[in-house]
Amino acid sequence: FDLVLHVAYGKKPLARSERVQKIKEGDYFAKYEGKAREIIDLLLAKYADEGITAIDDIGDLVVSPFSEYGSPIEIVNTIFGGRESYLEAINIIQEQLYTE
C-alpha cells in the first residue's frame, strides 16, 4: 500500500507502527471503553508487529494475549456486544490504518 502511494503520489511511506500511532492520536475509538478498548489496543499492537492479516479474522482472538479475555465467542459477544459490533470495530481499524 505504502509503496503504491509513494510511487504513484509521491507520499512518504509509513511504517505500521506510524500508522498505529496516527490512529491512537485520533478520536476514532472514543466510544469503546474498558475491555473493548484494551482489545482494540492489542489488535493495533498485533497489526504493528505482524500486519493486517494478523487482525482480520475473529479466529485471531484464540492466541495470547486475547485468550486472557476469554474465547473468541466470549470476546465478541460479551465485550463487544455481538459479531456486528466487533466487525464494525475491525472495519474502523482497517479504514483508519489506510486513510491518507
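The exercises below work through the fold, the surface and the salt bridges of a predicted model.

Residues are numbered from 1 along each chain as its sequence is written, and side-chain values use heavy atoms, with hydrogens and water left out. Local features need pLDDT of at least 70 and side-chain atom pairs count only at pLDDT 80 or more, while totals for chains, interfaces and linings use all residues.

**Exercise 1. State the secondary structure of the protein chain and the order of its elements.**

Solution.
- Step 1: take the DSSP runs, numbered from the N terminus: helices are H or I with at least four residues, strands are E with at least two.
- Step 2: the count is five helices and zero strands.
- Step 3: from the N terminus on, the order reads α-α-α-α-α.

**Exercise 2. Describe burial, surface and contacts of the protein chain.**

Solution.
- Step 1: fix the classes by relative accessible area: buried is under 20%, exposed is over 50%, partly exposed is in between (1.4 Å probe, protein chains only).
- Step 2: of the 100 residues, 35% count as buried.
- Step 3: compute accessible areas by the Shrake-Rupley method with a 1.4 Å probe; for residues, only the protein chains shown count as cover.
- Step 4: the chain exposes about 6000 Å², and carbon and sulfur atoms supply 51% of that area.
- Step 5: a contact has heavy atoms within 4.5 Å. Among contacts between residues at least 6 apart in sequence, 59% join residues at least 24 apart.

**Exercise 3. Find the salt bridges and place each one in the fold.**

Solution.
- Step 1: apply the criterion, a side-chain nitrogen of Lys or Arg within 4 Å of a carboxyl oxygen of Asp or Glu. Two salt bridges result.
- Step 2: Glu88 pairs with Lys31, with 2.6 Å between the closest N and O atoms. This pair links distant parts of the chain, 57 residues apart: Glu88 sits in helix α5 (residues 83-97), Lys31 in the loop between α2 (16-25) and α3 (34-50).
- Step 3: check exposure. Glu88 is partly exposed at 35% relative accessible area. Lys31 is exposed at 56%.
- Step 4: Asp41 and Arg37 form a salt bridge at 3.3 Å, N to O. They are separated by about one helical turn, because they lie four residues apart in helix α3.
- Step 5: Asp41 is partly exposed at 27%. Arg37 is partly exposed, at 27%.

**Exercise 4. Locate Gly81 and give its C-alpha distance to Ala36.**

Solution.
- Step 1: Gly81 lies in the loop between α4 (72-79) and α5.
- Step 2: Gly81 is exposed, with a relative accessible area of 58%.
- Step 3: Gly81 and Ala36 are 45 residues apart in sequence; their C-alpha atoms are 9.6 Å apart.
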